[in-house]
Amino acid sequence: MKCVPLMRGSTFIRIGNDREIRNIHLFFMVISMIIHAPLDTEILSPLEKKGCQGRIVSIRHLKELRHEINGLHRQKLLNENLYREREFSSFDYEHTVFPEATSIIIVAYPDPPYNVTFNWYDKDISVRVPPTYLLGQSNDKRIKTFLLQSLKPLGYRVAKANIPLKLLAVRSGLARYGKNNIGYIRGMGSFCRLVAFFSDYVCERDEWFEPRKLERCENCTICFQKCPTNAITEKRFLIHAERCLTYLNEQPGHVQFPNWVSHAAHNCLVGCLRCQMKCPENRKIKNWIKQGPKFSFKETGLLLARTPIEHLPVSTVDKLKNFGIDYLIDLIPRNLQTLIKRIDNHKLD
Ligand code: SF4
Ligand code: SF4
């Protein structure tokens, strides 16, 4: 006679010989698989119906994410300023917003670049904004709502997680890195936004991968050739993020661009799209661009003049807020001035 754990947990009963025990084990393993295996899929299915993709991993991987980020920093592969300014050091590795969390749910959803239009001396100047900048917070809230459709009825909760999203996406198998270090999702390319949540849902499949690159990158050097600041290098996998235009034009508005950045390099109101627009992985989606807000001549003048948000007309503030770009108001004057200077002589690509 032996004591057999019949289900997960600590329920034990006394039953027959070894063979019976093995059969009963097998029976309950199969039942357990039938009952539980589709659960991760069920949790993610409302999101997938909306064109999103997700993965669920155990909360224990947070330690590995921290170890990995800190390792890069220690090896001086992460620029010190970048590490501090991008708040790599302030990720919520202890999941303080949700101490009872047992898993992390990472979701990628399609998110296109936008055109933002500024009228300036009878000319409409349309400038691009890469994915993730516009409507980010409101879209993340919608994702949370979709997720709760499956989790709430089962009694589970979620809280938005401030953690290294791209690394988590790659490690969980959701994304692959491009040579430009951007995260690519199957079917979405790089036109997507990532959001993660802590949850008390216990995941069934807990897959964790070595970071993987797009297969296409093996025989492609397009982004390396097109990068206007030589941030991408053939010598190491990590790009020199401190040279990337995205880092430079996200600096506070009073910080001027370094002299080595040519006018011709600038191509977006914030961020940079050169490597993404030319990447063959984005070939099918590269024309997917949405129209963002339009600012009149007067509004453009006020923005360029660094008018504090509380002194802008209510309609302008509404426009900024409705598209979720009010947080960019400090950067707009410097970045837009640079683009206007460039546009006087060249068409923006
Ligand atoms: S442009 Fe080529 S090398 Fe660069 S990320 Fe895309 S596929 Fe990879
Ligand atoms: S975003 Fe622009 S600057 Fe940064 S790596 Fe890509 S092409 Fe280079």
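**Exercise 1. Determine which residues lie on the face of α4 turned away from its buried side, and explain the placing of the buried ones.**

Solution. Step 1: the face of α4 turned away from its buried side carries the exposed residues Gln137, Ser138, Lys141 and Thr145. A residue is exposed if 12 or fewer other C-beta atoms, placed from the backbone, lie within 10 Å of its own, buried if 20 or more do, and partly exposed in between.

The model is predicted: local features need pLDDT of at least 70 and side-chain atom pairs count only at pLDDT 80 or more, whereas totals for chains, interfaces and linings use all residues. Residues are numbered from 1 along each chain as its sequence is written, while chains are lettered from A and ligands numbered from 1 in the order in which they are written.

Step 2: the buried residues of α4 are Ile143, Phe146, Leu147 and Leu151. They lie on the same side of α4 because they cover an arc of only 135° around the axis, taken from the directions from the helix axis to the C-beta atoms.

Step 3: an α-helix has 3.6 residues a turn, so residues three or four places apart point the same way.

**Exercise 2. State which residues touch the most other members of the largest nonpolar core.**

Solution. Step 1: a nonpolar core is a set of buried Ala, Val, Leu, Ile, Met, Phe, Trp, Tyr and Cys residues joined through C-beta atoms within 7 Å.

Step 2: of the 41 residues in the largest core, Ile104, Ile105, Ile106, Val107, Ala108, Ala169 and Ala196 touch the most other members. Among the elements that each supply at least two residues of this core are α1 (18-48), β4 (103-110) and α4; helices (H or I, at least four residues) and strands (E, at least two) are DSSP runs, numbered from the N terminus.

Step 3: not counting residues up to four places away in sequence, Ala196 touches Ile104, Ile105, Ile106, Ala161, Ile163, Leu165 and Leu168. Such a contact requires C-beta atoms, placed from the backbone, within 7 Å.

**Exercise 3. Decide whether Arg342 counts as buried, exposed or partly exposed.**

Solution. Step 1: Arg342 has its place in helix α11 (residues 332-343).

Step 2: Arg342 counts as partly exposed because it has 17 C-beta neighbours inside 10 Å.

Step 3: C-alpha to C-alpha, Arg342 and His266 are 8.0 Å apart in space, and they are 76 residues apart in sequence.

How values were computed. Contact = placed C-beta atoms within 7 Å.
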